[in-house]
Amino acid sequence: MAILSKADARALLTKVLAYSKADECEVSLGGQESGNIRYARNAVSTAGDSSTLSLSVSSTFGKKTGNASINEFDDASLEKVVRRAEELAQLAPENPERMPLLGPGNFEFKDSIGYVPATANMTADTRAEAVAKSIKVAKDAKLEAAGFLENTTSFSAILNSKGLFLYDTNTDVTFSVTTRNQEGTGSGYAARGFNDIRKLDTFAATSIAASKANGSVNARAIEPGKYTVILEPVAATYMLENMFRGFDARSADEGRSFMSKPGGGNRLGEQLMDEKVTIYSDPYNPELPGNTWNREGFPLERMTWIDKGVVKNLSYSQFWAQKKNVKPVPFGSNMIMEGGNQSLEELIKGTEKGILVSRLWYIRMVDAQTLLLTGLTRDGTFYIENGQIKFPIKNMRFNESPVIMLNNVEALGKPERSISVESYRSYLVPPMKIRDFTFTSLSDAV
Amino acid sequence: MKRKDFLQLSAMGLGAIALPDFSLLGNPIDPLQALQEGVDVAVKKELADVALSAAKAKGATYADVRIGRYLNQVVSTRENRVQGVANAESYGVGIRVIANGSWGFASSNNMTKEGIARTAEKAVEVAKANAKIISEPVKLAPQKGLGDVSWKTPIITNAFSVPVKDKVDLLLTANAIAMKGGANFVNSSILAINEQKFFASTDGSYIDQDIHRLFPNFTVTKIGNGKFETRKGLGSPVGMGYEYLTPTAESKVGGIVTRYKDRYDLLEDMKNATEEVTQKLTAKSVEPGKYDLVLDPSHLWLTIHESVAHPTELDRVLGYEANYAGTSFLTMEKLKTKKFKFGSDIVNVVADKLQPGSLGAVGYDDEGVPCKKWDLIKDGVLVNFQAIRDQAHILGLKESQGCCYAQTWNDVQFQRMPNVSLQPGKKQLSVDDMIKDVEKGIYIIGDGSFSIDQQRYNFQFGGQTFYEIRNGKIAGMLKDVAYQANTQEFWNSCTAIADERDYRLGGAFNDGKGQPGQSNAVSHGSSTSRFNGVNVINTARKI
């Protein structure tokens, strides 16, 4: 079994720690059991079942640290991975940024709410059944489906030589499907992610993908340029994920981030975005549970990063906080963007001229300073006129910064749980209507 | 253990250390020996047979098993300090079966005989569950059993036997050069990988492979006038030992900036990078428009990767990647015409799993097929795709092309690109001669930002350094450059390719595909090439 209970994890880590001769030692376990099924051309292609458990040891002498990991758990291997970390530590130069380990009693820790037994109990048969429903929708709509369903149960635990022990467990299921017509002239997509399998409806999700596929046939080319866009949550999420990573004080203070203030320092307190924008982390949000502690041993609580467009907080590691004489601010384990009450349909209804973007693809950083990103639309792009979807349009490449985009917010809809199509992480993000979104070229891709 | 002992132990060659006593139930290993020593082949063969027998007993008509020990070591630094020294080791088994005509896969790090048998049974259970929703049974191209064979990356110095101190010293010396040169920040690292893979199948193959890869990397950053610029190292990840970091005069390619062939001078490149990043701060912002692009191999490898190597993957062509990486603008119909003009007449592209020093070079792929080399684009025309055993029949092939790969024992193997390389020009042509013919152009060195659509039509690439070419001469540095093009138009605009003297490999450890996502390590070779009339945009913005 790769998933250890809290008691078993503590017992194993205690045994490993007993081998330590270092000044400080932190031992950690990560375990994962997952099952997946992949299908294409309306039939299953590959599927698998995987189980992994790994032990990491970080040993420190003075300010010299070595790390080693192993996935064998007999007594001899446990002792030897500790020795290996210690040997590497002795060979490593001093790291002046090394911070002492935190002991217990500094903070109160609460258990996470991310574990759902129904998800943990999924089998190859239940996955195949869920996929069979999706394939049926595609076949009925005369489309070809390619998709992926994966459920994961994971845990992590750390114990350090100061006596701090932390444990977390979580379940996750993600589903995504692309439906295409035989001619290759129409394509649609849907993606879902939950902690609880009972919330996943592969039939409904595939139905949405199918209607986008059939609706995107005979796409017209329009001239690239600046347009008002409505980004569906799955498109907005992918764009914002690239920005969330930059909520970090150090890179900002060092002058090499979009959070750097011209002339030095960071943008804390600055009105950087439209006042409709509020972004925060909260591991106890029932829609998006997250881990409740970080690797440095700090509890994670609700933390607001952007408040009505103002940069409210940036994350500070223990080292950087000490250097800047502020309190450490751990980075969040999830990201939530507030929105309004409008549905996607209502956002479309309120748009005179614009483009509905179902999904974005292959987003990469062009300029870290302005967070300029490039990527393309994919799987259903539609022209909106007088509050109605008029016709499908050909995909386009964009060059746009999410920071500039969040200055151009016209309206936000109701947030919903959505996954990043690249990292497969879940977020809570609203559909958003953005003016002056910059498209730079046409693509022939369907 | 004292440092001296560590060095002594590390310096000993393979076989100089007595094999540890492996228990099948636990495999206790000495941590430092483990960095060099693999598990005894006889032990692996015994374990593999357990898997194959258990799978067959449960009804599998085919089974293969991969027992893998994956080692990696990362030494990472910034400015004058070491950020991390870490060794990771992962050992486990991945078992793939065909039962009731369907694939099934299971993996585990439980390496007891009982655990391996249970994992094999699980793979059969998965196959049987999926057999209900297959459209046709798996058709495997024949592969005769190879018996007991082995292959090893032809390295001179095992990177795992080089003391950590040597790596730290090299990186900190390089960082000091950057800081002395006026850089504000520098990050550098050396990553070494060793895949010890044992493959066995019901065809009767037992293949033991020892694969080595190395990746030295740095980024130097300079801040000025409230802006920052960066320049990455021009070294490549390689399928070599630590000898890659021993520079030789012959391996250097002179020019506006020194580039490197099969050896890399990290210290020299750091010095050059620091000078260039300073120039970048005050370089002229590019005027958007059409330019003739002269692309160095340190840049062009990534364009080849995205616009040639990916669209010629047969699984993408057929739709198996539709839900993630995407499909391809290349189709079976285009292949069958034997007339599809992918590029200009001088464009010849080969797939090659054998090329020495490349990341993709192995003796056998992850389904036991001996590796080979074949044409993808010949005289500008599309002539072939990349296929594995269960796809070979679709191309009318009698055997697999040997490009099946799994990133670890924990992942299922599937079609991954081999090294895909543009062949050097057949006529003698130097880079200087190529530039002489350019009226209005940009010379691009190093890879930067990259993005391409899901059918590989429309792409955009940045770079590390950009030089304006005016009337046949380099006219100074540019910045904020990215080019956008359509793949077929771009490759048909290829008007010149330098000869083999300029041929070099670039590559990456992180070629991504599949669900769950897997990384593949792959190299792409080319000589400097010219593309006429490509659309260049300006990427500068203000926030």
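These legends go with close-up views of a predicted model, taking in chain B and where it touches chain A.

**View 1. The two domains of chain B.** The domain assignment splits chain B into domain 1, made of residues 3-70, 86-157 and 194-213, and domain 2, which covers 289-538. Measure centre to centre on the C-alpha atoms and you get 32 Å between domain 1 and domain 2 of chain B.

**View 2. Where domain 1 of chain B touches domain 2 of chain B.** Here 29 residues of domain 1 meet 25 residues of domain 2 in chain B. On the domain 1 side, at least two residues apiece come from β1 (62-78), β2 (81-99), β3 (102-108), β5 (185-201) and β6 (205-224) of chain B. Sort that side of domain 1 by class and you find 14 nonpolar residues, along with 9 polar and 6 charged.

**View 3. Where chain B touches chain A.** In this view, 75 residues of chain B are in contact with 86 residues of chain A. For the chain B side, β2(B) chips in the largest share, with 12 residues. As for the mix, the chain B side has 34 nonpolar residues, 29 polar ones and 12 charged ones.

**View 4. A strand pair across the two chains.** Zoom in on strand β2 of chain A, residues 43-61, and you'll see it run parallel to β3(B), with 4 bridges joining the two strands. One pair to look for is Asp49(A) and its bridge partner in β3(B), Ala106(B). β3 (102-108) of chain B also turns up in View 2, as it supplies at least two residues of the domain 1 side that touches domain 2 of chain B.

Notes:
Residues are numbered from 1 along each chain as its sequence is written. Chains are lettered from A and ligands numbered from 1 in the order in which they are written. This is a predicted model: local features need pLDDT of at least 70, side-chain atom pairs count only at pLDDT 80 or more; totals for chains, interfaces and linings use all residues. Domain bounds come from an automatic or database domain assignment. Two residues are in contact if their C-beta atoms, placed from the backbone, lie within 7 Å. Ala, Val, Leu, Ile, Met, Phe, Trp, Tyr, Cys and Pro count as nonpolar, Asp, Glu, Lys and Arg as charged, and the others, Gly among them, as polar. Two strands pair if DSSP finds at least two bridges between them.
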